[in-house]
Each structure stands twice: as structure tokens, then as C-alpha cells.
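Student: I should like to learn how to read the features of a folded chain, one at a time. Could we begin with strand pairing?

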Amino acid sequence: MSARARMLAGFLSANIAIVTVAAIVLLNRPATPPQIQGVLLPQARALPEFQLLDHHNREFTRSDLQGRWHLVTYGFTTCPDICPTTLTQLASATRALQKQGYPDLQVLFYTVDPARDTVTQLSSYVPYFDPDFIGLTREQGSEQNIPFEQGLGIVAQLLPLEGPDIDPQDNEYQVVHGVKLFLINPGARLQAILDPDTSFSGVHSFNPDTIARDYMAIRDYLD
């Protein structure tokens, strides 16, 4: 082989090696995290132990989160607008996901008003939106809901009503809470927090298509 031929062969081999290395690096680099309407946690956050009741009056603990994806919404059953609207939007989102081959997302509705939202109240409220949804409350006098709320970052307050026509002994109050969705992975870890759309008038609402899109993007990225 002539010197020129050896030089060309060496040049070709070097280029093949460069292309091969580049391809290996490209194929093995981490996938870019999806852009979602909310926050995808780089390291999913473990939830503390808790003890609640579902709307079938069965105990619900952290172990019940194992092995399946869960999406948590929260509020109270006498909410006039945001809570029922969110549950309706979640029902639409889960139907869309089932059509796309994602049938395993379990929706949980957690009440921040357990004194009023008993098991009986939840059992007549939550299935109205979807028979597969699960309502969660706590036993009266129990503080076991606190770890659940703190673990997710749920924001809610019960504020006493005040005014000339209000008797303080009636213990009347209003419920104020945030509007977020919490995605929990099958390892019972908080994986993502989804944010709602906000209108010019300040009204919060979730778009079912956005929920479904973001959930599928997270699943595809992690899988």
C-alpha cells in the first residue's frame, strides 16, 4: 500500500472513530426533562407515614400509594366553584389518558375540611365525578392528616367568620386553600406539582388536555 493510500485509510479510520464516539455519547446522554405546566422534581420526594380514611371508610396509608401513579387534588365538598370544576376536569383528563393507553392514574380528592367532610359526605360527593376517584378524610380528633399535608405542601386555612350577624359560639368558618395538583409516583414519592391556568380575572382552572399531556410527558421521560 502506498503512503498516500495509508494516509487516506488512517484518515478514514479516525473519522469513523470520531463518529462512533459521538453517536455513543448522543445515545447515552440523559433525556431532556419535559417542559410541563408546573414543576418536575429532579429527585422525587419521599412522603412521610400518614393515616387517613377513604370514602369507603377504609384505612388509607402511604402503603396504598405503592405500585401505582396517583394525582392528588384537594379542597372541600361545599366549595361552590374551584373544587367541583377541578374534579370535572380531572375526569375528562383521565378519560383522555385511557384512550392514549395510560389507564393506571388514580385520582385522589383530599378534603381540607374534615369536620364537615365525613366519610358519608365524601361517599356521596366524589363518585359523582368519577366512580374510580377516591375521597380522603381523617377521623375526628386525629392529627394524622398533618404529615400528608406537609409532605405534599398543601396550603389551606380555616378562617372564622366575623360580622355583626355571626355568633362566635356557632364556630362558623370559611375554607381557603391553594390550587395545585400533586403527582405521586409508584414509589410513594412526590414526583411533580402541576399548576393551573389563571385567567385575567384571577380564576384558576385546569385544562384536561394539559393535564394529560404533562402526565404522558413525565411518564415517557421517566420510563
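Tutor: Two strands are said to pair if DSSP finds at least two bridges between them. The model before us is predicted. In it, strands S9 and S10 pair in the antiparallel sense, over four bridges. One residue of that pairing is Leu181, whose bridge partner in S10 is Leu194.

Student: Which strand besides S9 pairs with S10?

Tutor: Strand S1, residues 38–46, pairs with S10 over five bridges, again in the antiparallel sense. Here Gly38 stands opposite Leu194 of S10. Leu194 is thus named in both pairings, with Leu181 as its bridge partner and with Gly38 opposite.

Student: What do S9 and S10 form, and how many residues lie between them?

Tutor: They form a hairpin with four residues between the two strands. To read its turn, one looks at backbone angles: most residues other than glycine have a negative phi. Ala188, in the turn, has a positive phi of about 65 degrees. Is such a residue buried or exposed? Ala188 counts as buried because its relative accessibility is 2%, the cut-off for burial being under 20%.

Student: Which loop holds Asn57, and what is the phi of Asn57?

Tutor: Asn57 is in the loop between S2 and strand S3 (59–61). Its phi is near 65 degrees, a positive value in a residue other than glycine. Asn57 is exposed, with a relative accessible area of 52%, whereas Ala188 is buried at 2%.

Student: Which residues make up the covered face of strand S8?

Tutor: The covered face of S8, residues 173–177, consists of Tyr173, Val175 and His177, while Gln174 and Val176 form the uncovered one. S8 runs antiparallel to strand S7 (residues 156–160), and five bridges join the two. Within that pairing, Pro160 stands opposite Tyr173.

Student: Let us turn to helices. Which residues of H3 are buried?

Tutor: In helix H3, residues 119–129, the buried residues are Val119, Leu122, Tyr125, Val126 and Phe129. Viewed down the helix axis, they fall within an arc of 130 degrees, so they line one face of H3. On the other side, Thr120, Ser124 and Tyr128 are exposed. The cover over the buried residues includes strand S2 (51–54), helix H2 (82–99), strand S5 (106–111) and strand S6 (134–137).

Student: What span should H5 have at 1.5 Å a residue?

Tutor: The 15 residues of H5 should span 21 Å, and the end C-alpha atoms are 21 Å apart, which agrees. At the N-terminal end, Asn207 caps the helix, with a side-chain oxygen 2.8 Å from the backbone nitrogen of Asp209. Several residues of H5 are buried, among them Ile211, Asp214, Tyr215 and Arg219. The buried residues of this helix pack against S1, strand S4 (70–75), H2, S9 and S10.

Student: Arg219 has a charged side chain in a buried setting. What does it touch?

Tutor: Arg219 counts as buried because its relative accessibility is 12%. Residues up to four places away in sequence aside, Arg219 touches Trp69, Tyr102 and Asp104. With Asp104 there is also a polar contact of 3.3 Å between the side chains.

Student: How many aromatic pairs does a search of the whole structure find?

Tutor: The search finds nine. A pair of aromatic rings is described by the distance of the centres and the angle of the planes. Trp69 and Tyr215 form an edge-to-face pair, 6.0 Å centre to centre with 85 degrees between the planes. Because Trp69 lies in the loop between S3 and S4 and Tyr215 in helix H5, the pair ties together parts that are 146 residues apart in sequence. Trp69 counts as buried at 7% relative accessibility, and Tyr215 is buried with 3%. Another pair, Tyr110 and Phe148, is tilted: 5.0 Å centre to centre and 50 degrees between the planes. This pair links distant parts of the chain, with Tyr110 in strand S5 and Phe148 in helix H4 (residues 145–152), 38 residues apart.

Student: Which residues form one aromatic cluster with Tyr110 and Phe148?

Tutor: Phe50 and Phe60 join them in one cluster. Both Tyr110 and Phe148 are buried.

Technical notes: Residues are numbered from 1 along each chain as its sequence is written. This is a predicted model: local features need pLDDT of at least 70, side-chain atom pairs count only at pLDDT 80 or more; totals for chains, interfaces and linings use all residues. Side-chain values use heavy atoms; hydrogens and water are left out. Buried means under 20% relative accessible area, exposed over 50%, partly exposed in between (1.4 Å probe, protein chains only). The arc is that of the directions from the helix axis to the C-beta atoms. Contact means heavy atoms within 4.5 Å. A polar contact is a pair of N or O atoms within 3.5 Å; within protein, one must be able to donate a hydrogen and the other to accept it, and residues adjacent in sequence count only if both atoms are side-chain atoms. The expected span of a helix is 1.5 Å times one less than its number of residues. Rings of Phe, Tyr and Trp (its six-membered ring) pair if their centres lie within 6.5 Å; planes under 30 degrees apart count as stacked, over 60 as edge-to-face and the rest as tilted.
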